[in-house]
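Please look over the sequence and the model shown here before reading the report.

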Amino acid sequence: MLDENFVNSYATRQVDWGPLGQLVYKRSYAQPGEVWYLTVERVVNACYQAQQRHCENAGIDFDLAKAQHSAQQMYDLMFNFKFLPPGRGLANMGTSLLEDKGGAVVNNCGWTEVRDTSDFVWAMDMLLKGVGIGFSAVENIPFRFAGGYTIEHQVHDSVEGWSEALRVLLQQYEQGGGVVKFDYSFIRPAGAPIRGVAGKAPGPEPLRECLESVRSVFVNRIKSTTDGWFELTPADIVDIMNHIGKACVAGGVRRSAEIAIGSSDDQEFAKLKNRDINQEAVDGHRWAANHSVYCEVGDDYRKILHNFDGVDELGIYWLGNAQAYSRMGRRADRADQHASGCNPCAEQTLEHRELCCLVEVFVSRHSSFYELQKTLKYAYLYAKAVTLIETHDQETNRIIERNRRIGCSLTGIQEAYNKLGREFYGWCNRGYKYIQSLDDRYSTWFNIPRSIKTTSVKPSGSVSKLPGVSSGIHWPISEYYIQRIRLSNNSPYVEPYKSAGYNVVDISSVEPNTTVIEIPVRERNFTRSESDVSIWEQAEHAAKMQHYWADNQVSMTIKYAPHEKAQIPALLELYEDRLKAISFFPQSDGHSFDYAPWEEITKDEYLRLTANLEEVNLDDINEHELEDQFCEGGACEIP
């Protein structure tokens, strides 16, 4: 698609990496042999090939000359970090993995109501394909156990093989059967290469542990039955999903993020992550999901917080608001009346078994609204094109084809607000209206429905680190700090940083086979750190973005100081009709354990640490390593 001479003209251009950008890119998104200008080519080509394939199948004219011009515009904006696809898009668009596995591998997130055992299997299948999954934990699921026969099952060495093994196990209980004996001998050993990505296989142990743990949940329920009938409780649902998530995150690439949404009056659910009561379970598997509760306008938030006493994290989800409103503070349009939940970081409203693609616009890297408007066009076009790529699941395809939901997300919001002041919200409002006009035009051209929702605010994470932009709507931790990156001792990325003068520490005595690289960071456009911003100001910014920009949702984790915790119920009462989701987490000073992910430093310390650093070149290295298990900040922050 892209003209070869055009692409080659970028080969020698300097990339404006942030302090962590090159390392995050190489360890997470680059295919073997790729450097940045080639990654952008691969992603853009796949985007326009998806459009061309759709048009050809639908009998729609596709002008190759116009497409070439458009693709070059998108390429330049991505190369210069005006916007980027999500990490899954950077890693998987245009690869054999996309061709083999289908469009799920380039979608960010999904949601399932857990109604029966097939929903566990769907979730595991999607998690293994890189999709973050939200799930409900509000209803009991009945079973009848008759016992008796035993079956044997040979596990195939594939994503589908792992999901099929779970299906076989659960189906036995659903049909009242007996024991399943698994043969894991076909699964490649730990450390073997994973085809299609630059990661390493985890071996059979994570799956074996998952299946045995799921089995134990059923066995414990069966022991208590007197007539053969038993029920999985919401707590059981959470545990099964967490065991699945734990298995899916094992391996050489990041593959798991979950959110469990329970009933606000379910006291057992509220205590699941209370370390005083359930420390072993929290450390063992319940770390694998964020927890939120369904709420309604008018709820007793003091009672809800009391139920969660002893638990650091708390998420509130007003499903009624999400179903009734696009942007809040306007007339209810019921655009999402069939929705039942959200994704792990709570920026996307979703229906049962729906997936969604996000895209990130670095609004602070724009100097005028006209420039931002151009970027929004191509960010929108990327996300809309992903809805044209079928997944492997036909039920999911039907929902995507009907809703065409996308999530054009702004990130670096506090940097942009510092530059623009209140004019920033004017940009948001104008930008939202512009995206609606684009959606009308391109949906008509593609002969598909307009997108049910188009905009959101995601917490961001690794992708925002490529250009060094602050994550989502959140304030930076400090103007100057040390960011610590964990790698295996034999990682090929260790030596280049050591040679360039960075502090590299082998911490194997604390964490086996682990080396830490300490990278000094200075935040751009800094005014205040997160500890300087009250919970009320944080909530107000979230509400304004929900009003001016996001017709999906705003992912915001409010960081509260100890003295502010008692104010949370009053805050929820005042903002319950202006938000769709919000979560809370206590402020951290970054020193809660040895070699913490970050550590605040002074300007003098920063200058000293950076005075003799040399440039690091990682172009000749490609090896994916396990990232942090969840979104790196915001609503996906896990203790």
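The report below treats a four-stranded sheet and then a helix.

## Basis of the model

This is a predicted model, in which local features need pLDDT of at least 70 and side-chain atom pairs count only at pLDDT 80 or more, while totals for chains, interfaces and linings use all residues. Residues are numbered from 1 along each chain as its sequence is written, and side-chain values use heavy atoms, with hydrogens and water left out.

## The sheet

Four strands (DSSP runs of E, at least two residues, numbered from the N terminus) form an open antiparallel sheet in the order β17-β18-β16-β21, where strands pair if DSSP finds at least two bridges between them. Because β17 (503-506) and β21 (598-600) stand at the edges with a single partner strand each, one side of each has no neighbour in the sheet. Neighbouring strands are turned by 25° against each other on average, direction ignored; the axes are lines fitted to C-alpha atoms, for helices over the stretch in contact, and angles run from 0 to 180 degrees between N-to-C directions.

Strand β16 (residues 480-488) is joined to the antiparallel β18 (residues 514-522) by nine bridges, with I482 opposite P520 and R486 opposite V516. On β17, which four bridges join to β18, D506 has T515 of β18 as its bridge partner. Eight of the nine residues of β18 are buried (under 20% relative accessible area, 1.4 Å probe, protein chains only), so the strand is largely enclosed by the rest of the structure.

## Helix α17

Helix α17 (residues 413-420; helices are DSSP runs of H or I, at least four residues) has I413, Q414, E415 and A416 as its buried residues. The helix is followed by G421, whose phi is positive, near 65°.

Note on methods. Buried means under 20% relative accessible area, exposed over 50%, partly exposed in between (1.4 Å probe, protein chains only).
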